[in-house]
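Thank you all for coming to this group meeting. I would like to take you through one protein slowly, defining each term as we come to it, so please look at the picture while I talk.

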Amino acid sequence: GPDGRPRNALITGASDTSGGAFTYPQHTGIVADSAAFRELGIWDVCTKEPITSDVFDYVEITGKTNNAAFVPEAISSATIVAGVPTAVDAGLKPESTMALAVRTVPVENIAHLMYVTRRAAADAPRLMVLINTFLREGLAVKIEDQILLGNGTSPNLSGLTDSGNFTAFTPTSGANLAESINKAKYNRWAVGEVVDTVIVNPADWAALEILREGAGTGAYLYGAPGTAAGGQPFGVNVVMSPFMPAGQFLIGALRTSAIIYNRQGAVVEMGFVNDDFTKNLVTIRCEERLGLGVDRPAGIMYGAITAA
């Protein structure tokens, strides 16, 4: 192309194997499903906040100590010197602490595009619905990947499993997924973090569903096949993500710990590149701008299901 990009898959309105397939005769049916990738979920369990800048700050809670205690009425107004009178006699209240840190994060841009002829764009409206859906869902899938696994090196997001965004989980040798979820959940509850979501690899969840007592011949531990397990096993939302590495899992208070900062939602735009106008070639671009912040790493736990 005139901008130096290879165009090996140009969509035209002439061929039945390209955009012309949508021109005549008129087709019926739903095209949205044919552009879908997979069910998403991590995006849905994180908090979203709109922002108006390409760089944002957020405050991370790096530590907290709760020393709240019942304190009797003071019986002395004397200054405490060398422990006399005692702190209790003076009605001294205990001090709690909270450590904070400001994190500065850039907004990142995710985008992709397709080329189509003007004829195909004008005469095949269902083709344009298909392209629009494909481009938007393509962004959504990659964003899902980055929210979980982004390494924090621009233009990547700093994902939930990026260093510093979670508390490491110490697995137990021989543990299965159900046992590790239980251990991690109550580990976080013990420090005041009430978890709401667990993210697992579909293959690991599949293995959990067919766990059985004894030597694999007894009752199913998770429930017999066909039994409705309910929407929140273990009392948390379960998100099965193909982006979660097999043998690993993440659990935490994602609704309060992980925040997606929206600068610009997915936008689909059409335009011409250089002399594309004279060739009736249209560029369709879809892009989105966002950032991710984890304000309470203590609220997220990540690690292997079982010790190696």
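**Overall picture**

Among contacts in the protein between residues at least 6 apart in sequence, 78% join residues that are at least 24 apart, where a contact means heavy atoms within 4.5 Å. What you are looking at is a predicted model, in which local features need pLDDT of at least 70 and side-chain atom pairs count only at pLDDT 80 or more, while totals for chains, interfaces and linings use all residues. Residues are numbered from 1 along each chain as its sequence is written, and side-chain values use heavy atoms, with hydrogens and water left out.

The protein has seven helices and 13 strands; helices (H or I, at least four residues) and strands (E, at least two) are DSSP runs, numbered from the N terminus. Of the 308 residues, 36% count as buried, and here buried means under 20% relative accessible area, exposed means over 50%, and partly exposed is in between, with a 1.4 Å probe and protein chains only.

**Strand S9 and its neighbours**

Let me begin with strand S9, which spans residues 248-252. Five of the five residues of S9 are buried, so this strand is largely enclosed by the rest of the structure. Both faces are covered, with Gln 248, Leu 250 and Gly 252 buried on one side and Phe 249 and Ile 251 buried on the other.

Which strands pair with S9? Two strands pair if DSSP finds at least two bridges between them. Strand S7 is joined to S9 by four bridges, and the two run antiparallel; S9 is also joined to S12 by five bridges, again antiparallel. Leu 250 appears in both pairings, as the partner of Ile 199 and as the partner of Tyr 302 in S12.

Leu 250 also brings us to Leu 160, a residue in the loop between helix H3 (125-149) and strand S5 (167-168). Is Leu 160 buried or exposed? Its relative accessibility is 0%, so Leu 160 counts as buried. Leaving aside residues up to four places away in sequence, Leu 160 touches a list of residues including Ile 199, Leu 250, Leu 292 and Ile 300. Leu 148 is also in that list, and although Leu 148 and Leu 160 are 12 residues apart along the chain, their C-alpha atoms are separated by 4.9 Å.

**Helix H5**

Helix H5 covers residues 202-209, and within this helix Asp 204, Trp 205 and Leu 208 are buried. Seen down the axis of H5, the buried residues fall within an arc of 100°, so they line one face of the helix; the arc is that of the directions from the helix axis to the C-beta atoms. What covers these buried residues includes helix H4 and strands S7, S8 and S9, so the last of these is the strand with which I began, itself largely enclosed.

**Charged side chains**

Side chains of opposite charge can pair when their charged atoms come close. How many salt bridges does a search of the whole structure find? The search finds six, a salt bridge being a side-chain nitrogen of Lys or Arg within 4 Å of a carboxyl oxygen of Asp or Glu.

One of them joins the side chains of Glu 60 and Arg 103, at 2.8 Å from N to O. Glu 60 lies in strand S2 and Arg 103 in strand S3, so the pair ties together parts that are 43 residues apart in sequence. Glu 60 counts as buried at 8% relative accessibility, whereas Arg 103, at 33%, counts as partly exposed.

Arg 285 forms a salt bridge with Glu 269, at 2.4 Å from N to O, and this pair links strand S11 with strand S10, the two residues being 16 apart. Arg 285 also forms a salt bridge with Glu 287, with the closest N and O atoms 3.3 Å apart. Glu 269 is partly exposed at 36%, while Glu 287 is buried at 18%.

Finally, please find Asp 295, in the loop between strands S11 and S12. Asp 295 is buried yet has no salt bridge, and the nearest side chain of opposite charge, Arg 296, is 4.4 Å away; for this purpose Lys and Arg count as positive and Asp and Glu as negative, with His and the chain ends not counted. Arg 296 is itself linked with Lys 64 and Glu 193 in a network of salt bridges.
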